[in-house]
Amino acid sequence: MNQIIRPLFIIILVIFLGTGFVRAAEESENTTETSQPEGFNPGKFVIEHVSDAFEWHIATFGETEISIPLPIILYSSDKGWNFFMSSRFHHGKETFNGFRIEHEGKNEGKIVEINEQGEVIGLPIDLSITKTVAGIFVSVIVLLLIFLNIAKTAKRRVNKAPAGMQSLFEPVILFVRDDVAKPAIGEKKYERFMPFLLTVFFFILINNLLGLVPIFPFGSNVTGNIAVTMVLALFTFFVTTFSTNKHYWKEIYNPDVPWWLKFPIPLMPIVELTGVITKPFVLMVRLFANMLAGHLIVTVFVSLIFIFNVKMGIEAGLGVSVLSVSFSVFILLLDVLVSFIQAYVFTLLSALYFGMASPEHHH
């Protein structure tokens, strides 16, 4: 067991040092040297590492930042369409063609349009490929490589025992079918929902796991972005809504409850209709909050090293580093389990909603 834990501990520590935490060390050293209150800002440091960005940051060595530029796609009523790479902003420090990345105020983190005096005159329509979007593309490529390989193997080995990646993923597929879709939706109707349920399950699972690997081209916090979880929840909402029958809507607007719960104040219809809206909201927030929390906790633990370095000296920073990295490794391993649980819960709740949307009317 020690032969596995020790290399894993060393690898994760090296990854931390090579994927942006070096910047925190530089900032803490600058703070110690200059004795200025500004320098290493733990709050800003944590938020930067879990939020979206217009470039894919890899590492910082002194004044040198290593990052992968991403495409910027903007539409302005004055300038029309604008296509360029995020490197034109020089890590957000410069303007380009009348645009800049705002670092403070209500538009912080957004690209704004400015005039010749440097004043903000509006927000362009932003269709840029951010780090989160790039992370989605990476996960889609990974999913295609996995399942095209599985499909090819399955066709070649008809009526034979699973082999290779097929033997790894087939039990999971059967689990989603037999223990999620069938019990929640029913034997007669589950098949038409299987493509969606399998897609959602593996999309969430792969993105959860890739988000735990902090090396390019992985490490993008896709499922920790509320816009992504909102879209996934909306997919479930629309599939649920368009799979309903008249009995489902009858139970919402005219449920079988005592009349005084419906007239003169439609109390139960309001409650039922509210439930229709809150279901996708719960899906969105649960997945977002759980996956974001894991990334936040790891970053906070590592920040403690540099906070102690600033406040109590380098010896204190080195002393607390053992504890911080140990807890970070533990949280990362726990996040692997959480990744599977959250993919399962999202898929199970979606299946339950589908089953509730097309109930059989019992006479």
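Modeller: Quick definition to start: rings of Phe, Tyr and Trp count as a pair if their centres lie within 6.5 Å. Also, this is a predicted model.

Colleague: Okay, how many aromatic pairs does the structure hold?

Modeller: There are 14 of them. One of these is F147 with F202, an edge-to-face pair at 4.8 Å centre to centre, with 65° between the planes.

Colleague: Where do F147 and F202 sit in the chain?

Modeller: F147 is in helix α4 (residues 131–156) and F202 is in helix α6, 55 residues apart, and the pair links distant parts of the chain.

Colleague: Is F202 buried or exposed?

Modeller: F202 counts as buried, because its relative accessibility is 4% and the cut-off for buried is under 20%. F147 is partly exposed, at 24% relative accessible area.

Colleague: Which residues form the aromatic cluster with those two?

Modeller: F169 and F201 join F147 and F202 in one aromatic cluster.

Colleague: Let's stay with α6. At what angle do α6 and α7 cross?

Modeller: Roughly 170°, and the axes of α6 (residues 194–210) and α7 (residues 226–241) come within 12 Å. So α6 is roughly antiparallel to α7, as angles over 145 degrees count that way.

Colleague: And which residues meet there?

Modeller: From α6 you have F196, F203 and I204; they meet V228, L232, F235, T236 and V239 in α7. By class, that contact has seven nonpolar residues, one polar and no charged ones.

Colleague: New topic: what do β3 and β4 form?

Modeller: A hairpin, with three residues between the two strands. Strand β3 (residues 71–76) runs antiparallel to β4 (residues 80–85), and six bridges join them. For instance, I73 has F83 in β4 as its bridge partner.

Terms used:
Residues are numbered from 1 along each chain as its sequence is written. This is a predicted model: local features need pLDDT of at least 70, side-chain atom pairs count only at pLDDT 80 or more; totals for chains, interfaces and linings use all residues. Side-chain values use heavy atoms; hydrogens and water are left out. Axes are lines fitted to C-alpha atoms, for helices over the stretch in contact, and angles run from 0 to 180 degrees between N-to-C directions. Helices (H or I, at least four residues) and strands (E, at least two) are DSSP runs, numbered from the N terminus. Angles under 35 degrees count as roughly parallel, over 145 as roughly antiparallel, 65 to 115 as roughly perpendicular and the rest as oblique. Contact means heavy atoms within 4.5 Å. Ala, Val, Leu, Ile, Met, Phe, Trp, Tyr, Cys and Pro count as nonpolar, Asp, Glu, Lys and Arg as charged, and the others, Gly among them, as polar. Two strands pair if DSSP finds at least two bridges between them. Rings of Phe, Tyr and Trp (its six-membered ring) pair if their centres lie within 6.5 Å; planes under 30 degrees apart count as stacked, over 60 as edge-to-face and the rest as tilted. Buried means under 20% relative accessible area, exposed over 50%, partly exposed in between (1.4 Å probe, protein chains only).
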